[in-house]
Amino acid sequence: MANDTALLRCRSCKALNRVPVKKLTQNPLCGKCKALLDFPFQAVAATAASFDQELASWLETVLVVFWAKGNDLWKKIEPAVADIAFAQAGRLKVIKVDLDAEPGLALLFSVQTAPTFLTFRDSKQLGRLDGAPREASELAQWVQSSMS
Ligand SMILES: [Zn+2]
């Protein structure tokens with residue numbers, strides 16, 4: 001069920017569209033107004049001003065990543081995060097938060113180290129991973145477990 005379809009809100013008419021996952025790569029159109037249903041294929045940067053909206057506007061799972069410039073652990077895991085955002089496009093939105101630039105958001109989620117990963121659905125936190133896993137595949141598996 002939830003595994004086979006993605007719920008996407010049309011940006012033009014705001015209608016909800018349930019799209020089979022295998023159709024996500026075929027430029028799905030809104031059932032109501034026929035506009036192209038677009039969704040992020042890469043991480044979206046958020047600030048304190050945009051965070052709630054970025055989180056609430058997405059109906060599927062959200063992965064929030066707190067990252068920091070010059071952080072070696074983040075540099076190592078960043079390509080894996082990009083891969084996940086691309087591979088799970090339509091079912092997952094990745095939101096990037098600059099830990100140093102957003103102390104308010106860091107405080108809100110008690111994030112002290114980069115990278116820190118949080119998963120959300122319906123604006124409710126599901127999971128949390130402090131620090132980068134040793135293997136990129138572990139991150140992908142952890143994200144996957146939040147999506148089922
Ligand atoms: Zn529409």
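Biologist: What is the relative accessible area of Cys33 in this model?
Modeller: This is a predicted model, in which local features need pLDDT of at least 70 and side-chain atom pairs count only at pLDDT 80 or more, whereas totals for chains, interfaces and linings use all residues. Residues are numbered from 1 along each chain as its sequence is written, and side-chain values use heavy atoms, with hydrogens and water left out. Buried stands for under 20% relative accessible area, exposed for over 50% and partly exposed for what lies in between, with a 1.4 Å probe and protein chains only. Cys33 is therefore partly exposed, its relative accessible area being 34%.

Biologist: Which residues are the protein donors of the zinc ion?
Modeller: Donors are N, O and S atoms within 2.8 Å of the metal (3.2 Å for Na, K and Ca), and a site may look incomplete because water is not among the atoms. Along the chain the donors of the zinc ion follow the spacing C-x2-C-x16-C-x2-C. Each donor atom is an SG lying 2.3 Å from the zinc ion, and the residues are Cys10, Cys13, Cys30 and Cys33.

Biologist: What is the geometry of the zinc ion's site?
Modeller: Four donors count as tetrahedral if all angles lie between 85 and 135 degrees. The ideal angle for four tetrahedral donors is 109.5 degrees. With angles of 105 to 115° among its 4 donor atoms, the site of the zinc ion is tetrahedral.

Biologist: Is Cys30 buried or exposed?
Modeller: Cys30 supplies its SG atom to the zinc ion. Its relative accessible area is 1%, so Cys30 is buried.

Biologist: Which residues does Leu29 contact beyond its neighbours within four places in sequence?
Modeller: Leu29 sits in the loop between β2 (16-20) and β3 (44-45), where strands (E, at least two residues) and helices (H or I, at least four) are DSSP runs numbered from the N terminus. Contact means heavy atoms within 4.5 Å. Outside those neighbours, Leu29 is in contact with Asn17, Lys34, Ala35, Leu36 and Leu37.

Biologist: What is the phi of Lys34?
Modeller: Lys34 also lies in the loop between β2 and β3, and it counts as exposed because its relative accessible area is 55%. Most residues other than glycine have a negative phi. Lys34 has a positive value, near 65°.

Biologist: Where is the cis peptide bond that leads into Pro115 placed, and what is its omega?
Modeller: Pro115 is in the loop between α3 (103-108) and β6 (116-121). Most peptide bonds are trans. The bond from Ala114 to Pro115 is cis, with omega near -5°.

Biologist: Which residues does Trp58 touch, not counting residues up to four places away in sequence?
Modeller: Trp58 belongs to the loop between α1 (51-56) and β4 (61-67), and it counts as buried because its relative accessibility is 9%. The C-alpha atoms of Trp58 and Arg9 are separated by 7.8 Å, although these residues are 49 apart along the chain. With that restriction, Trp58 touches Leu8, Phe39, Pro40, Gly90, Arg91, Leu92 and Lys93.

Biologist: Which residues does Phe109 touch, again not counting residues up to four places away in sequence?
Modeller: Phe109 is in the loop between α3 and β6, and it counts as buried because its relative accessibility is 14%. Its partners, counted in this way, are Phe51, Phe66, Leu118, Phe120, Gln125 and Arg128.

Conventions: Four donors count as tetrahedral if all angles lie between 85 and 135 degrees; four count as square planar and six as octahedral if opposite donors are over 155 degrees apart and all others between 65 and 115; anything else is irregular.
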